[in-house]
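Reader: Could you take me through the side-chain contacts of this protein, step by step, and explain each term as it comes up?

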Amino acid sequence: MRLPGTTSSSVYEGLKDVLQRHPTTTTVAYKPDSIVRQFLQAEIDPSRVVPPTGPEPPALDVEWRFVEDEPYYRIHYADSNTGFNCGWHRDHDHQDLGPVHFQYEHPVAGKRDHKPAEFEKTLPTEVLWTALDRLFEEKIPTLSDEG
C-alpha cells in the first residue's frame, strides 16, 4: 500500500544513510528506481538476524511521506524464508491504536497482532535508528521464534 502525500529527497537521503550504516544491511536501493523513489528497500544479511534465517535475505522497506507537515511512514521487515513480517506504520489504517502502530504476522505460528506504538524522537532518521534497534534487538528475537 502506498502512503498518501509527497516525499522529500533530503529525508530519503538521510534514511538511506541510516540504512547503509546499520550492521544488518548489505544493500540499500530506491524502489522502483532512483528517479521515482517511492520507498527504500534494504537487503538484510540473514546471518546477522537472531534467530538466524536464510537462505534468502530478508527485506526492510522504509517509506516516508508528508501530508502538509504531518509525517506518514512505514518501516516494515519481511522474511520470505519464514513468512514472518513486522513493522511500524504511521497511517490511518488503525485509528483506534493512535497515530503509530506496530504490527506483526507469523504465519507458521498462526499469530498476528496490531498494537499501539510510539517513538520519543520525531526526526525521520532518529525514528528509523530507534526502530532498527527495537526490530533487531527485541522484536525479531521475541516474535519470530514463536513458531
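**Charged pairs, rings and core**

Author: The side chains of R48 and D45 come together in a salt bridge, with 3.4 Å from N to O, where a salt bridge is a side-chain nitrogen of Lys or Arg within 4 Å of a carboxyl oxygen of Asp or Glu. This is a predicted model, in which local features need pLDDT of at least 70 and side-chain atom pairs count only at pLDDT 80 or more, while totals for chains, interfaces and linings use all residues. Residues are numbered from 1 along each chain as its sequence is written, and side-chain values use heavy atoms, with hydrogens and water left out.

Reader: Is D45 buried or exposed?

Author: The terms rest on relative accessible area, computed with a 1.4 Å probe on protein chains only: buried means under 20%, exposed over 50%, and partly exposed in between. Its partner R48, with 44%, is partly exposed. D45 has a relative accessible area of 17%, so D45 is buried.

Reader: Which residue forms a salt bridge with R112?

Author: Side chains of opposite charge can pair when their charged atoms come close. R112 counts as exposed at 58% relative accessibility, and its partner, whose closest atom lies 3.9 Å away in this N and O pair, is E105.

Reader: How are the rings of W64 and Y73 arranged, stacked or edge-to-face?

Author: Rings of Phe, Tyr and Trp (its six-membered ring) pair if their centres lie within 6.5 Å, and planes under 30 degrees apart count as stacked, over 60 as edge-to-face and the rest as tilted. A search of the whole structure finds seven aromatic pairs. In W64 and Y73 the centres are 4.2 Å apart and the planes lie at 20°, so this pair is stacked.

Reader: Which element gives the most residues to the largest nonpolar core?

Author: A nonpolar core is a set of buried Ala, Val, Leu, Ile, Met, Phe, Trp, Tyr and Cys residues joined through side-chain atoms within 4.5 Å. The largest one has 34 residues, of which L19, L60, I75 and Y77 touch the most other members. Among the elements that give two or more residues to this core are α1 (9-21) and α2 (124-143), helices being DSSP runs (H or I, at least four residues) and strands likewise (E, at least two), numbered from the N terminus. With eight residues, the element that gives the most is α2.
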